[in-house]
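Work through these exercises on helix packing and one pocket. Try each task before you read its solution.

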Amino acid sequence: MPGSTLPGFPVLSRDFLVLDRIRFGYREREILKDISLRFERGKVVALIGGSGCGKTTILRLIGGQLRPQQGSVSFDGQDVHKLDREGLFALRKRMGMLYQFGALFTDLTAFENVAFPLREHTDLTDPMIRDLVLMKLEAVGLRGAAQFGISQLSGGMARRVALARAIALDPPLIMYDEPFAGLDPVALATVANLIRRLADSLNCASILVSHDIKDTFAIADYVYLLAAGRVAAEGTPDELRDSDDPNVRQFLEGDIDGPIAFHYQAPPLAEDLGLKR
């Protein structure tokens with residue numbers, strides 16, 4: 001079952017992932033400015049905002065691929081960025097990740113893609129791995145496609161196989177980076193429904209990065225809107241829909257004019273062109 005727990009993977013308490021006053025940038029370019037977020041298990045929390053506002057950077061900070069210049073990321077009481085290499089490796093086993101466009105191994109079957117993390121990170125027998133893989137594929141509606149090659153799958157099916165792989169170890173945290181990108185309306189609705197059902201059945205925290213407002217708001221419990229390196233607004237989908245905040249209105253309505261600037265900060269064009277007297 002999707003909600004089973006593998007040996008050695010403890011059940012987490014609520015409010016187990018907290019980002020506290022995070023600042024991060026690349027050299028002189030500051031991406032995140034004093035960002036604080038919290039995530040509960042059993043909840044789908046969406047991160048929305050314009051391209052380049054730091055959504056994927058937040059996922060990388062949570063996974064320990066990046067280190068903040070200030071602030072902390074606490075996962076089940078552990079400071080992610082104080083862990084040594086072995087501790088960080090163990091931590092990542094408890095995080096599932098659905099990458100944009102799936103990132104499946106194209107030379108493996110659907111079955112072997114889902115089996116991969118089980119073979120790499122557990123000592124389970126082949127019969128146990130077989131049963132778990134089939135249950136994960138059943139959870140996403142693709143047990144009948146277990147022996148398909150990746151080239152035989154549609155885009156939506158491939159995304160569902162990637163989702164089955166992301167939940168193979170029953171992680172208490174699943175991160176979704178643009179899971180709806182490139183999907184047709186039916187496949188998109190199917191993946192969105194799966195994200196919601198898995199959050200409920202696994203009782204895990206789900207972090208959803210997406211530009212698709214309609215389907216994101218349909219399944220999210222809470223939403224953070226990021227702009228200019230900060231949390232510009234937050235609340236339930238209904239609260240954001242009813243908000244008069246100009247940042248919220250501009251993003252939800254796709255308005256060019258508003259506080260979220262189209263042009264990245266730069267000196268006047270005439271100055272760059274050497275025309276300034």
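## Exercise 1: α5 and α6

α5 and α6 are roughly parallel to each other, because angles under 35 degrees count as roughly parallel, over 145 as roughly antiparallel, 65 to 115 as roughly perpendicular and the rest as oblique. The model is predicted: local features need pLDDT of at least 70, side-chain atom pairs count only at pLDDT 80 or more, and totals for chains, interfaces and linings use all residues. Residues are numbered from 1 along each chain as its sequence is written, and side-chain values use heavy atoms, without hydrogens and water.

Task: describe how α5 packs on α6 (residues 185-202).

Solution.
- Step 1. Take the axes, which are lines fitted to C-alpha atoms, for helices over the stretch in contact; angles run from 0 to 180 degrees between N-to-C directions.
- Step 2. The α5 and α6 axes come within 9 Å and cross at roughly 15°.
- Step 3. The crossing of α5 past α6 is right-handed. Here the near helix is turned clockwise from the far one by less than a right angle; anticlockwise would be left-handed.
- Step 4. List the contacts (heavy atoms within 4.5 Å). Gly156, Arg159, Arg160 and Leu163 of α5 meet Ala187, Thr190, Val191, Leu194 and Leu198 of α6.
- Step 5. By class, these contact residues are five nonpolar, two polar and two charged. Ala, Val, Leu, Ile, Met, Phe, Trp, Tyr, Cys and Pro count as nonpolar, Asp, Glu, Lys and Arg as charged, and the others, Gly among them, as polar.

## Exercise 2: α3 and its partners

Task: find the packing angles of α3 with α5 and with α4.

Solution.
- Step 1. α3 (residues 110-121) packs on α5 (residues 155-166) at about 25°, with axes 8 Å apart. That makes α3 roughly parallel to α5.
- Step 2. Their crossing is right-handed. Ala110, Asn113, Val114 and Pro117 of α3 meet Val161, Ala164 and Arg165 of α5. This contact has five nonpolar residues, one polar and one charged.
- Step 3. With α4 (residues 126-139), the α3 axis comes within 9 Å and crosses at roughly 125°. α3 is therefore oblique to α4.
- Step 4. The crossing of α3 and α4 is right-handed. Among the residues in contact are Phe111 and Leu118 of α3 and Ile129 and Leu137 of α4. The classes are nine nonpolar, no polar and four charged.

## Exercise 3: the pocket

Task: which elements each supply at least two residues of the lining of the second largest pocket?

Solution.
- Step 1. The elements are α1 (55-63), α2 (85-92), β6 (95-98), α3, α5 and β7 (173-177).
- Step 2. The lining has 14 nonpolar, five polar and six charged residues.

Terms used
Helices (H or I, at least four residues) and strands (E, at least two) are DSSP runs, numbered from the N terminus.
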